[in-house]
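Reader: Could you take me on a close look at one part of this protein? I would like to see how a single helix sits among its neighbours and what lies beside it.

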Amino acid sequence: MPTPARTSLDDIVQAGRDILASDGLPALTMQAVADRVGVRAPSLYKRVRSRDDLVRLIATTVAHELGDQLEALVSRAGATADAQAQLTELAHAVRAFAHACPDEYRLIFAPTCEATRPEPEALTHSVGPLLRITTELAGPDSALDAARTVTAWATGFIGMELAGAFRLGGDIDRAYEFGITRLAAALASVPGSAIESGDAS
């Protein structure tokens, strides 16, 4: 059986993510992770202080990775890309992530307690691309307000969707597109924004 020295923190976090993806958050226990990496559970505490600490480490890793994905998406579009189209694409990317990894998504956007929240620098990294887009859309004075509005709308929609709360029929994909497209257009019309004033390149 490997000793803790031969079991890296990265291996422990990955094992936790694997359990989370296959069995959900309730199954993510220190014993389950210890079994997965091949050490005794007490030995795991030499690397990770508690289950909450493990969840926080996983959430921080996921937030970094999501930020990297969104950064790559925005970078591919280039500096001259239409900001409204970029915001729409970014929102769809977040929704796709939520569908692919719902439990990891919830660790970022619906943490169960303060102790399991991602590290602030990871959250800052994950929101960076959105803030740049909302700065272009709504202007620097309204960028944070705009980013929070987009985040609240998207997480509310996605959260309801994942919970199976949309029960009136209709096309959920079209509804999401409807919402984010009109939200992007509304932000572009904020008084003082670069687009509203005609200063956007």
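Author: Happy to; what follows is a walk around helix α6, its two partners and the pocket it helps to line.

Please keep in mind that the model is predicted. For orientation, the protein has ten helices and zero strands, and its C-alpha atoms fill a box of roughly 65 × 40 × 30 Å along the principal axes. Our helix, α6, covers residues 102–109.

Let us begin with α4, which spans residues 51–77. How do two packed helices get described? By the angle between their axes and the distance between those axes. For α4 and α6, the axes come within 9 Å and cross at roughly 95°. An angle from 65 to 115 degrees counts as roughly perpendicular, and α4 and α6 are therefore roughly perpendicular to each other. On the α6 side, the contact is made by Glu104, Leu107, Ile108 and Phe109. Facing them from α4 are Val55, Ile58, Ala59, Val62, Ala63 and Leu66. By class, this contact holds nine nonpolar residues, no polar ones and one charged; the charged one is Glu104.

Now turn to α8, residues 143–162. Its axis and that of α6 come within 12 Å, with a crossing at roughly 140°. That angle makes α6 oblique to α8, and the crossing is left-handed. Here α6 offers Pro102, Tyr105, Arg106 and Phe109, while α8 brings Thr151, Ala154, Thr155, Ile158 and Leu162. The residues of this contact divide into six nonpolar, two polar and one charged. Phe109 is worth a pause, as it takes part in the contact with α4 and also in the one with α8.

Phe109 leads us on to the largest pocket, which has a volume of about 530 Å³. Of the 23 residues that line this pocket, Phe109 is among the closest to its centre, along with Ser126, Val127, Leu130 and Thr151. Thr151 is familiar too, since we met it among the α8 residues in contact with α6.

Which elements give two or more residues to the lining of the largest pocket? They are α4, α5 (83–100), α6, α7 (120–138) and α8. The most comes from α8, with seven residues. Sorted by class, the lining has 17 nonpolar, four polar and two charged residues.

So, to gather the picture: α6 is roughly perpendicular to α4, oblique to α8, and joins both in lining the largest pocket.

Notes. Residues are numbered from 1 along each chain as its sequence is written. This is a predicted model: local features need pLDDT of at least 70, side-chain atom pairs count only at pLDDT 80 or more; totals for chains, interfaces and linings use all residues. Side-chain values use heavy atoms; hydrogens and water are left out. Axes are lines fitted to C-alpha atoms, for helices over the stretch in contact, and angles run from 0 to 180 degrees between N-to-C directions. Helices (H or I, at least four residues) and strands (E, at least two) are DSSP runs, numbered from the N terminus. Angles under 35 degrees count as roughly parallel, over 145 as roughly antiparallel, 65 to 115 as roughly perpendicular and the rest as oblique. A crossing is left-handed if the near helix is turned anticlockwise from the far one by less than a right angle, and right-handed if clockwise. Contact means heavy atoms within 4.5 Å. On a 1 Å grid over the protein atoms alone, a cavity is a set of points where a 1.4 Å probe fits but cannot get out, and a pocket is an open set with protein on both sides within 12 Å along at least five of seven lines; lining residues have an atom within 4 Å of a point. Grid points are joined across faces, edges and corners, and a volume is the space filled by probe spheres set on the points.
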